[in-house]
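Q: Could you take me through the pockets in this one? I'd like a close look at what lines them and which parts of the chain the lining comes from.

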Amino acid sequence: VTVLSDIVVLVLFALCTTLLHVVEEGGTFGVAVILSIFGNILGSLLLGVVAGLVMKVCLAEAAKPDDEEDTPTWRVGARGALLLATLFATFVLSDQVHEWSAGAVKMEPLLVCTVASCLCGHDSSVRNQLVESLHVWTPVVLLPFFTLAGATLEIPSLLELLPSALVCVLLRMVGIAIGSHLAGMLTCKLYPELQMTQTSVRC
């Protein structure tokens, strides 16, 4: 659910960004613009699927049942480096395709990488190998990321946006609560054999 909500947010972000560019450049909003937006989003989704399949191929050898139980650390690290290189190349490709196509094609790098990771991570045959491979590189990636994020954080700007951020957080909480309640009600009506009540949850 979290991944799907992130994908929806990225799609809406791409939609709003494109519309903003049209307004700033004084263009005309019409069917062609809408088709262009959805075409770019579709291209991002397709590239994400391709990248996800490449990641699954990288993990296929490690997922064979006849492999050793204790894989050497260097092999796990090398596999993780290959996955990160695949995602990095995918990010660069989707980010630069706008320049390479002279503005004809525009993709959302975050959406592409999210789709790729979602596709690979939801394959039960390679999920454990994916987590194991990325776990080796997690401290190496997160440490500089959060260090740079903290170093470039502008507190005055953050305080100016704090009310809007709080509103977004509250709206998200309300949306999740309403969605969960409606999903529970629909589940009880559509699947009465589950015998779910308001005080019991079956997993």
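**The pockets, up close**

A: Let's start with the largest pocket, keeping in mind that this is a predicted model. Its lining is made up of Leu84, Leu87, Phe88, Leu134, Trp137, Thr138, Val141, Leu142 and Phe145. Two elements each put two or more residues into that lining: helix 3, which runs 73-100, and helix 5, which runs 127-151. Of these, helix 5 supplies the largest share of the lining, with 6 residues. As for chemistry, you're looking at 8 nonpolar residues, 1 polar one and no charged ones around the largest pocket. The polar one is Thr138. The space inside the largest pocket comes to about 430 Å³.

Now for the second largest pocket, which holds about 280 Å³ of space. It has 14 lining residues, and Thr18, His21, Val22, Glu25 and Lys106 are the ones closest to its centre. Here the elements giving two or more residues to the lining are helix 1 (2-24) and helix 2 (31-60). Helix 2 makes the largest contribution to the second largest pocket, at 4 residues. The mix of side chains in this lining is 5 nonpolar, 7 polar and 2 charged residues. Glu25 and Lys106, both among the residues closest to the centre, count as charged.

So, to put the two linings side by side: the largest pocket has no charged residues, while the second largest pocket has 2.

How values were computed
Residues numbered from 1 in each chain as written. Predicted model: local features only at pLDDT ≥ 70, side-chain atom pairs only at ≥ 80, totals over all residues. Heavy atoms only, no water. 1 Å grid on protein atoms, 1.4 Å probe; cavity = no way out; pocket = protein on both sides within 12 Å on 5 of 7 lines; lining within 4 Å. Points joined across faces, edges and corners; volume = space filled by probe spheres on them.
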